[in-house]
Structure formats: C-alpha cells, structure tokens
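Work through the exercises below with the sequence and the coordinates side by side, and try each task before reading its solution.

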Amino acid sequence: MIDTLQMEMNEYLPLRDVVFQTLRQAILRGEISPGERLMEIHLAQKLGVSRTPVREAIRMLELEGLVTTVPRKGTVVAEITISDLEDVLEVRQALEALAVRLVCKRITKEQLAQMKCLATDFRETLNRDDVVACAEADMKFHDAIYDATGNKRLIQILNNLWEQMYRYRMEYLKDKDSHQILVEEHEEILRALEARDEQKALEATCRHIDRQKEHIIAELSEKHS
C-alpha cells in the first residue's frame, strides 16, 4: 500500500533518484500491488516532496516496465505477466551459466565456506513464517555466488535481474511445498561448485531456474484463467 511508503534520504543522490528507488523497491517487494494507481499529488504528499521529482521518478519506472499508463485510469503498477517472466529468465539463465563457469575457475575456500553458511541461513529462515526473510536469505546466497565470479559488470547485471525477479520469487516462496526443493537445489549447486564441476553446476543451476519458471507460470496461469 502506498500509505506505508517511507523514503530514506541520500545526500549523494538527486531527489528524483531517491523517489525512484523508494517506489521501485516498493513495487518489486509487492508493497505496491499490480494494478494500483500512482497519483503524483498523493505520492508527493506522502513522501514530503514536490510533484516534479515524483513525475520524473514515474517516467523512470515506465522505462523499466514497472508501471504503465492506462487510458482513463492514469499510471498504474504493471501486472506480473508470463511474457515478462520468460524474458527475464531467458537472460538470467544465460548469465548464470556464465557465472557458474567463472566461479568454478575462481572460487576460494573462504567464498565456499560463506556460501555454505548462507545456505544454512536460508534453510533456517524457512522455519519462520516470514516470506520476506526467506527471499532476502535466498538473495544473499545467490549474491555470494555472483560475487565469486570476480566480474563486477556481471554482478551488477545479475543483481538487477534478480531485483526484477523479486515479485515472482515472492509468489514462489509463498508455496511451502517448494521450500525443501529449494534447499536441495542449493546443496546440489554447492556440491558442484566445491568440486569445480562446471557441467554439474550448469545442470543444477538450469534445473533450479526451470523449476521456478514452471511453478510461477502455473500460478500466473491459474490466476488469469
């Protein structure tokens, strides 16, 4: 809900960018729902800013495909669609394949130990009824894999894709039947990386992404049927 928005000021960023990041994170985390209207006046009042940075932020959100303009309704948060999901996952799968190839060549004992700790943290969050905590723990595990590539540009792109996936991931994590599968998939990926077995790491990563894709598409299809 827009009424719960809170903006953290950053003296190093233009106000429009702070507003943009605030709205972007709220949309990606599902705090502003698909189909919900974004009204400049209301947002400006809520965030304590003028309408200009809000208008600029909304334009930036539209360029990312997170909001869209609907005739006679105005600007609304874009719906979660199967087409968007498939587009993001096609790119993510290709880049994650590159990532695991690099990690198999470059991973250190310290990085592997950190990944194991993060995999354990993720497993433990599943015992709590907190989907957001599960999503954050899952993201940290994958971030550790990306960091181990040592490729800053690849890390940046993958993190951006991961954020675009956040809304879909939340839907997946709400299904408790998926939890044990995720734990097993993380362990499978870890074993392959520890063995520096590029082929097994690629196969495990592809299965991990494909299973999520199938599940989320089934959920979206059911909602729109």
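The exercises that follow concern a predicted model, and each task is followed by a worked solution.

**Exercise 1. A helix and its surroundings**

Determine how many of the residues of H1 are buried, and what covers them.

Solution. Begin with the geometry: H1 (15-28) has 14 residues and reaches 20 Å from its first C-alpha to its last, close to the 20 Å expected at 1.5 Å a residue. Next, apply the cut-off for burial, which is a relative accessible area under 20%. Asp17, Val18, Val19, Phe20, Thr22, Leu23, Arg24, Gln25, Ala26, Ile27 and Leu28 are buried by this cut-off. Since 11 of the 14 residues of H1 are buried, the helix is largely enclosed by the rest of the structure. The cover over these buried residues includes H2, H3, strand E1 (67-70), strand E2 (74-77) and H7. Finally, look just past the end of H1, where glycine 30 takes a positive phi of about 80°.

**Exercise 2. The nonpolar cores**

Find which helix gives the largest share of the largest nonpolar core, and which residues have the most contacts inside this core.

Solution. The general expectation is that nonpolar side chains tend to be buried together in soluble globular proteins. In this model the largest nonpolar core has 53 residues, and Val19, Leu23, Ile32, Leu38 and Leu61 are those with the most contacts inside it. At least two residues of this core come from each of H1 (15-28), H2 (40-47), H3 (51-63), H4, H6, H7 (152-173), H8 (179-194) and H9. The largest share is that of H7, with 11 residues. A second core, separate from this one, has 20 residues, among them Ala97, Leu118, Phe141 and Ala201.

**Exercise 3. A helix span and its packing**

Compare the span of H4 with the expected value, then state which helices its buried residues pack against.

Solution. The 25 residues of H4 should span 36 Å at 1.5 Å a residue, and because the end C-alpha atoms are 35 Å apart, the two values agree. The buried residues of H4 include Leu85, Val88, Leu89 and Arg92, and further along Glu96, Ala97 and Val100. These buried residues of H4 pack against helix H5 (109-125), H6, H7, H8 and H9.

**Exercise 4. A cavity and a pocket**

Describe the lining of the largest cavity and that of the largest pocket, and give the volume of each.

Solution. Take the cavity first: the count comes to 1 cavity of 30 Å³ or more, and about 30 Å³ of space lies in the largest cavity. Its lining consists of Glu96, Val100, His142, Ile145, Ile189, Thr205 and His208, which divide into 3 nonpolar, 3 polar and 1 charged. Helices H4 (82-106), H6 (131-147) and H9 (198-223) each supply at least two residues of this lining. Turn then to the largest pocket, in which about 270 Å³ of space lies. Leu5, Gln6, Glu8, Leu13, Val18, Gln21, Thr22, Gln25, Ala26 and Glu31 line the largest pocket, and these residues divide into 4 nonpolar, 4 polar and 2 charged.

**Exercise 5. Two positions compared with their surroundings**

Decide whether threonine 149 is buried or exposed, and list the contacts of alanine 133 beyond its neighbours within four places in sequence.

Solution. Threonine 149 is placed in the loop between H6 and H7. Its relative accessible area is 1%, so threonine 149 is buried. Not counting residues up to four places away in sequence, threonine 149 touches Ala99, Leu102, Val103, Arg106, Leu154 and Ile155. Alanine 133, by contrast, lies in helix H6, and with a relative accessible area of 16% alanine 133 is buried. Beyond its neighbours within four places in sequence, alanine 133 is in contact with Thr125 and Arg128. The C-alpha atoms of alanine 133 and phenylalanine 122 are separated by 8.6 Å, the two residues being 11 residues apart along the chain.

**Exercise 6. Positive phi outside glycine**

Locate arginine 72 and arginine 196, and classify the exposure of each.

Solution. As background, most residues other than glycine have a negative phi. Arginine 72, although not a glycine, has a positive phi of about 65°; arginine 72 sits in the loop between E1 and E2 and is exposed, with a relative accessible area of 88%. For arginine 196, phi is near 55°, again a positive value in a residue other than glycine. Arginine 196 lies in the loop between H8 and H9, and at 43% relative accessibility arginine 196 counts as partly exposed.

Technical notes
Residues numbered from 1 in each chain as written. Predicted model: local features only at pLDDT ≥ 70, side-chain atom pairs only at ≥ 80, totals over all residues. Heavy atoms only, no water. 1 Å grid on protein atoms, 1.4 Å probe; cavity = no way out; pocket = protein on both sides within 12 Å on 5 of 7 lines; lining within 4 Å. Points joined across faces, edges and corners; volume = space filled by probe spheres on them. Helix = DSSP H or I, 4+ residues; strand = E, 2+ residues; numbered from the N terminus. Nonpolar A, V, L, I, M, F, W, Y, C, P; charged D, E, K, R; others polar. Core = buried A, V, L, I, M, F, W, Y, C linked by side-chain atoms within 4.5 Å. Buried < 20%, exposed > 50% of the residue type's maximum accessible area, 1.4 Å probe, protein only. Expected span 1.5 Å × (residues − 1). Contact = heavy atoms within 4.5 Å.
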